[in-house]
Every structure is written in C-alpha cells, then in structure tokens.
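Take a moment to turn the model around before you read on. This report walks through a handful of places, one at a time, and you can look each of them up as you go.

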Amino acid sequence: MSLIENIIRADVRALSAYHVQDAAGFIKLDAMENPYTLPPALQQKLGERLGQVALNRYPVPSYAALKSAICARLGVPAGFDIVLGNGSDELIAIVSVACAKAGAKVLAPLPGFVMYAISAQLAGMEFIGVPLQADFRLDLPAMLSAIRTHRPAITYLAYPNNPTGTLFDADAMVAILREVGDTGVVIVDEAYQPFADASFMPQLAAFPNLVVMRTVSKLGLAGIRLGYMAAAPELLAQFDKVRPPYNINVLTQATAEFALEHSAVLDEQAAAICAERSRLALALAAMPGVEVFPSSANFILIRITTAGLSGTTVFERLLAQKVLIKNVGKMHALLENCLRITVSTPAENALLEAALQSSLKP
Ligand SMILES: Cc1ncc(COP(=O)(O)O)c(C=O)c1O
C-alpha cells in the first residue's frame with residue numbers, strides 16, 4: 001500500500017476536489033458574486049482603516065463589536081446571538097462536526113447546495129437527498145416522510161435555493177420545522193436573502209430547533225469570507241465550541257465593520273441587481289427555446305428546450321465568446337439542460353444576452 005492509501009480515508013480518496021473554473025479574461029457570471037465594487041472614495045477610506053489594524057495581534061476571539069454590528073444591522077432579533085464563520089461554508093462544517101453522533105444523518109432537498117452533502121460525508125454522516133418537484137418547489141409529503149424515516153440530525157433548507165433560485169413555501173418549511181421537533185436542527189440557509197423579500201430570522205423565537213445561516217458573500221463581500229448563524233443561545237453555545245478560536249482574521253473583521261457602517265451602498269447594489277434580474281428574466285424568456293425559472297436570488301436558472309441542442313453545447317458556445325456561466329445540467333436529473341446565470345451589471349448582462357442569442361441555433 002502507498003503512503004496515501006495507508007493514511008487517507010477511502011471516501012476522501014474517492015472524492016474529487018471542488019473545481020473552480022479559471023475565469024481570467026471571461027465575463028464572470030458563474031459564482032453569484034456582486035459585480036459592483038465599493039465606490040473609490042470608500043475604497044480609499046477602507047485602505048486607511050485597514051492600515052491601522054493590529055496585524056501583529058491575534059483577533060479578539062469574542063468578536064463582540066463585529067457581532068453586535070451584524071445583529072443590529074442585519075435583522076437578528078433581540079435576545080439572539082450569532083456565531084461567525086470563515087464563509088458559511090465553515091459554519092456548515094462546524095454544525096456537521098457538532099452533530100456527527102454515530103449514525104446521525106443529514107437531509108436536504110435536491111438539487112441543492114453541494115456543500116451540505118460534502119460536509120456531511122466529511123463528518124462521517126449519511127446524506128439523504130429528497131428530490132424537489134419538477135418545478136423546483138418542495139415536495140412536502142416526501143420531505144415529511146423522509147424526516148419520519150431517517151430522523152435527520154440536520155435538515156437544510158436554502159431560502160432561496162441554489163441552484164434553482166426558488167423561494168420555498170414558508171408554510172411547508174414551518175411544517176418541516178414542526179415535524180423535526182427536538183430530534184434535529186433545521187438550518188434555513190439565507191445566503192441569497194439580500195435579493196429576497198423573506199426571511200426566517202423573525203421566527204427564531206418560535207422554533208428552538210431553527211438555525212438561520214447567512215453570508216456577506218452575495219452582498220458584495222465574497223472575498224473577505226464571512227458568514228454568520230443565529231439560533232437559540234443553548235444551541236449556539238454548543239456550535240461555538242467546535243469553531244476554531246481565531247477563525248475570522250483581523251482584516252475580515254475590520255472590513256466587515258467598515259462595510260456595515262456603509263451598508264446603504266451594499267443595499268443599493270442589491271436593489272440594482274434585483275431590478276436587473278427582472279429585466280434579464282424577461283429578455284431571456286423572450287428567446288426561443290429558453291425556459292426561465294422564477295428566481296428570488298441574484299442568479300437565474302434557465303433550461304434549453306430546443307430539440308437537438310443541449311445545455312452543454314450552449315455553455316461551450318458561451319465560453320468560446322468569453323462568457324462564463326455555470327453548467328448545472330449534470331448535477332441532478334431534474335436539471336437536465338439547465339444553466340445558471342449570475343445577474344450582473346446592465347453592460348455585462350447585455351453581453352450575455354447577445355452571446356446567448358447567438359448560441360441557440362440547433
Ligand atoms: C445556498 C448557499 N449557502 C452557502 C453558500 C456559501 O457561501 P459562503 O461564500 O459564505 O461560504 C453558498 C455559495 O454559493 C450557497 O449557494
């Protein structure tokens with residue numbers, strides 16, 4: 001046996017690394033990033049602020065100032081605290097490790113965010129995927145029945161969902177929270193909340209098993225890697241024990257505090273993206289052979305419906321025109337010939353529209 005076989009778990013050896021496409025020189029519409037930067041005057045001020053950060057010191061591990069700024073400005077209800085993560089990816093890993101009792105399972109609708117299943121597997125938990133309906137709404141009877149059968153320790157509901165953009169029915173989510181009861185936590189992942197008119201934050205007091213997870217990534221700060229989750233204090237205290245003590249670096253902390261002081265700028269950018277989403281959705285729906293799914297996020301899922309033309313062919317034709325979107329057609333049977341397009345600036349969206357239009361011939 002080789003060194004690798006001797007020491008690395010068989011399931012880890014069988015995994016392929018999380019692939020991120022090199023986007024240099026492309027119009028980048030694959031990763032749900034906010035296309036806008038901070039205005040130059042704020043960039044200048046941020047530079048001055050970051051120049052004063054004590055790089056020689058460890059972060060103060062309570063992160064009290066940043067946490068109270070997030071709670072005050074991002075709608076965390078009074079009496080609820082948050083745990084911070086290096087992106088919500090780290091929060092997903094933290095909850096997975098904390099809940100990985102022998103035999104514990106993780107459940108989520110599919111197609112969904114891939115890290116739920118990957119984190120479950122890395123923590124040694126079985127992942128149960130429950131297919132959505134063909135129009136990407138929750139299949140509530142199937143969800144409730146799978147919860148009764150498997151009694152998952154963690155159930156994820158992305159609200160809105162990635163990669164479909166769907167905002168699940170809130171009553172169905174409440175029924176799931178009730179069915180899970182005190183046998184598991186339900187993580188409502190609100191990564192795309194800045195683009196949706198709905199949130200489960202106000203429900204925290206009603207459901208002791210509810211965890212609301214968010215990130216600043218889609219809001220315009222993907223590079224600083226910062227996520228947060230709110231839940232009942234007893235639950236958060238347990239998750240916090242799994243968190244590496246200095247997981248948020250001082251530059252992220254200072255940048256996030258600065259951005260929150262100027263959150264109106266980020267809110268305006270999110271509003272501009274929502275307006276472009278409506279316009280772009282109409283433009284795409286007018287193209288022959290393109291089905292557009294309703295989106296409450298900063299991306300739009302489409303399906304190529306022309307006979308003899310695959311989503312992959314359209315994806316490759318766009319790549320040839322230096323437009324990078326996400327080909328999700330192979331992710332799940334329900335996503336056949338589907339492509340996910342991040343909503344960008346009017347100028348980039350116009351280039352995407354022109355490139356797509358010219359890529360639709362069978
Ligand atoms: C539903 C969902 N949750 C979480 C994340 C991860 O966000 P972060 O950048 O905070 O790790 C993503 C990223 O695409 C996502 O789609």
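## Leu122 and the nonpolar patch

Leu122 sits in helix α6, which covers residues 114–122. Please keep in mind from the start that this model is predicted. Is Leu122 buried, exposed or partly exposed? Its relative accessible area is 41%, and buried means under 20% while exposed means over 50%, so Leu122 is partly exposed.

Leu122 also belongs to a nonpolar patch on the surface. The other members of this patch are Leu3, Ile4, Ile7, Ile8, Val12 and Leu15. Together, the residues of the patch have about 590 Å² of accessible area. Which helix gives the most to the patch? That is helix α1, made of residues 3–7, which supplies three residues.

## Asn327 and its surroundings

Now move along to Asn327, which you will find in strand β12, residues 326–327. With a relative accessible area of 23%, Asn327 is partly exposed. Leaving out residues up to four places away in sequence, Asn327 touches Thr312, Phe315, Cys338 and Leu339.

What does the side chain of Asn327 do with one of these partners, Thr312? The two side chains make a polar contact at 3.2 Å. The side chain of Asn327 also reaches the backbone nitrogen of Gly329, at 3.3 Å. For another view of this region, try Gly311: Asn327 and Gly311 are 16 residues apart in sequence, and their C-alpha atoms are 7.2 Å apart in space.

## Cysteines

Cys338, one of the residues that Asn327 touches, has a relative accessibility of 0%. Cys71 has a relative accessibility of 16%. Why do both count as buried? The cut-off for buried is under 20%, so Cys71 at 16% and Cys338 at 0% both qualify.

A disulfide is a covalent bond between the sulfur atoms of two cysteines. How many disulfides does the structure hold? The count is zero.

## Two buried helix residues

Gln269 is part of helix α12, which covers residues 263–285. Its relative accessibility is 10%, so Gln269 counts as buried. Which residues does Gln269 contact, leaving aside neighbours within four places in sequence? They are Asn34, Tyr36, Thr37 and Leu219.

Thr255 has its place in helix α11, residues 250–261. Thr255 counts as buried, with a relative accessibility of 10%. Once neighbours within four places in sequence are set aside, Thr255 is in contact with Leu46, Leu50 and Ile224.

## Backbone features to look for

Most residues other than glycine have a negative phi, and most peptide bonds are trans. With that in mind, have a look at the bond from Leu110 to Pro111: this peptide bond is cis, with omega near 0 degrees. Pro111 lies in the loop between β3 (105–110) and α6. Asn162 and Pro163 are joined by a cis peptide bond too, with omega of about 15 degrees. You can find Pro163 in the loop between β5 (154–158) and α8 (170–180).

Next comes phi. Tyr63 is not a glycine, yet its phi is positive, at about 50 degrees. Tyr63 is in the loop between α3 (40–51) and α4 (64–73). Is Tyr63 buried or exposed? At 2% relative accessibility, Tyr63 counts as buried. Arg225 is not a glycine either, and has a positive phi of about 55 degrees. Its place is the loop between α9 (217–221) and β8 (227–231). Arg225 is partly exposed, with a relative accessible area of 29%.

## Glu48 in helix α3

The last stop is Glu48, which is in helix α3. How much relative accessible area does Glu48 have? The value is 47%; since exposed means over 50% and buried means under 20%, Glu48 is partly exposed.

Finally, compare sequence and space for one pair of residues. Glu48 and Val250 are 202 residues apart in sequence, and their C-alpha atoms are 14 Å apart in space.

Definitions and conventions. Residues are numbered from 1 along each chain as its sequence is written. This is a predicted model: local features need pLDDT of at least 70, side-chain atom pairs count only at pLDDT 80 or more; totals for chains, interfaces and linings use all residues. Side-chain values use heavy atoms; hydrogens and water are left out. Helices (H or I, at least four residues) and strands (E, at least two) are DSSP runs, numbered from the N terminus. Buried means under 20% relative accessible area, exposed over 50%, partly exposed in between (1.4 Å probe, protein chains only). Contact means heavy atoms within 4.5 Å. A polar contact is a pair of N or O atoms within 3.5 Å; within protein, one must be able to donate a hydrogen and the other to accept it, and residues adjacent in sequence count only if both atoms are side-chain atoms. A disulfide is a pair of cysteine sulfur atoms within 2.5 Å. Patches are made of residues with over 30% relative accessible area and no salt bridge: like charges are joined within 9 Å, nonpolar side chains (Val, Leu, Ile, Met, Phe, Trp, Tyr) within 5 Å. Accessible areas come from the Shrake-Rupley method with a 1.4 Å probe; for residues, only the protein chains shown count as cover. A salt bridge is a side-chain nitrogen of Lys or Arg within 4 Å of a carboxyl oxygen of Asp or Glu.
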